[in-house]
Amino acid sequence: MNLFTVVVFIHLFSAVLLTGSVLFWLVMARALNREVGGARVEEYLSIINRQRWPPVKVPDSVRWPLVGWAGFFMLVLVVSGVLIMELLVAHPTLGLTDPSFGSWFDKALHIKFILTGMLITGLVVSMKSPRPWLAYFNGLALAGIIVLSALLGR
């Protein structure tokens, strides 16, 4: 296995974990809105946000809030994404050529960076005070990132 394959695996694995985290908050916001509605949704989301994961049999030093884990996965994704781009530029045989820059690939990559910044902002705000609209915002930003990632991988 070469370095590129390892970095892509780490990137995809972290993407799956981040997607699960964002979907968790989406499902919780929607379910709580149906069950309790109104202002109580934010109260319950705050309670969930204060809980640490994994919940049992793990030292407190490695138990983080759920949104903290999402932030960690996002950090891994950004670092591995930059590494992937560096490896692609350094080794054109992996599939990225000079004409790719300035094309639709370049424009889609820039949009992906903007959506990534939006998702990071949403996660940071969610760490302090989770809100239902933030869960939907993060979900939409992540969906856009996933679509662009699939298009960029072609």
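Phe 105 is buried in this predicted model, with a relative accessibility of 11%. The ring of Phe 105 pairs with that of Trp 104, the two centres lying 6.3 Å apart. Since the planes stand at 80°, the arrangement is edge-to-face. A pair of aromatic rings is described by the distance of the centres and the angle of the planes, and the same two quantities serve for the other example taken up here. Phe 24 and Trp 25 are also edge-to-face, with 5.5 Å from centre to centre and 85° between the planes. The two partners differ in their surroundings: Trp 25 is buried at 9% relative accessible area, because a value under 20% is what buried means, whereas Phe 24, at 32%, is partly exposed. Across the whole structure, a search finds 9 aromatic pairs.

Aromatic residues also gather into a cluster, made up of Trp 53, Trp 64, Trp 69, Phe 72 and Phe 73. Trp 69 offers a convenient way into this group. It belongs to helix H3 and counts as buried, its relative accessibility being 18%. Beyond its neighbours within four places in sequence, Trp 69 touches Trp 53, Pro 54, Val 62 and Trp 64. Trp 53 is 16 residues away from Trp 69 along the chain, and their C-alpha atoms are separated by 8.4 Å.

With these aromatic groups in place, the overall layout of the chain can be introduced. There are 5 helices and 2 strands, and from the N terminus the order of elements is α-α-β-β-α-α-α. Taken along the principal axes, the box filled by the C-alpha atoms is roughly 55 × 35 × 20 Å. Of the 154 residues in the chain, 36% are buried. Among contacts with a separation of 6 or more, 63% join residues 24 or more positions apart.

The interior is best followed through its nonpolar cores. The largest of them has 24 residues, and Leu 18, Leu 119 and Leu 123 are those with the most contacts inside it. At least two residues of this core come from each of helix H1 (3-35), helix H3 (66-90), helix H4 (104-128) and helix H5 (132-152). H3 supplies the largest share, with 9 residues. Apart from this core lies another, of 8 residues, which includes Trp 25, Ala 29, Leu 45 and Ile 48.

Leu 119 shows how the largest core is knitted together. Leaving aside neighbours within four places in sequence, the contacts of Leu 119 are Leu 18, Met 74, Asn 138, Ala 141, Leu 142 and Ile 145. One of these partners, Asn 138, sits in helix H5. Asn 138 is buried, with a relative accessibility of 4%. With its neighbours within four places in sequence again left out, Asn 138 is in contact with Val 22, Leu 119, Gly 122, Leu 123 and Ser 126.

Asn 138 also takes part in the packing of H1 against H5. The axes of these two helices are 9 Å apart and make an angle of about 145°, and their crossing is left-handed. On the H1 side, the contact is made by Leu 18, Thr 19, Val 22, Trp 25, Leu 26, Ala 29 and Arg 30. Facing them from H5 are Pro 132, Ala 135, Tyr 136, Asn 138, Gly 139, Leu 142 and Ile 146. Sorted by class, the residues of this contact comprise 10 nonpolar, 3 polar and 1 charged. Several names recur from the cores: Leu 18 is among the residues with the most contacts in the largest core, while Trp 25 and Ala 29 belong to the core of 8 residues.

Met 28 gives a further view of helix H1, in which it is placed. At 23% relative accessibility, Met 28 is partly exposed; it therefore falls outside the buried class, whose limit is under 20%. Even so, Met 28 is in contact with Leu 45 and Ile 48, once its neighbours within four places in sequence are left aside. Both of these partners are members of the core of 8 residues. Towards the start of the chain, Leu 3 lies 25 residues from Met 28 in sequence, and the C-alpha atoms of the two are 38 Å apart in space.

Definitions and conventions: Residues numbered from 1 in each chain as written. Predicted model: local features only at pLDDT ≥ 70, side-chain atom pairs only at ≥ 80, totals over all residues. Heavy atoms only, no water. Core = buried A, V, L, I, M, F, W, Y, C linked by side-chain atoms within 4.5 Å. Buried < 20%, exposed > 50% of the residue type's maximum accessible area, 1.4 Å probe, protein only. Helix = DSSP H or I, 4+ residues; strand = E, 2+ residues; numbered from the N terminus. Contact = heavy atoms within 4.5 Å. Axes fitted to C-alpha atoms, helices over the stretch in contact; angles between N-to-C directions. Left-handed = near helix turned anticlockwise from the far one by under 90°. Nonpolar A, V, L, I, M, F, W, Y, C, P; charged D, E, K, R; others polar. Phe/Tyr/Trp six-rings, centres within 6.5 Å; stacked < 30°, edge-to-face > 60°.
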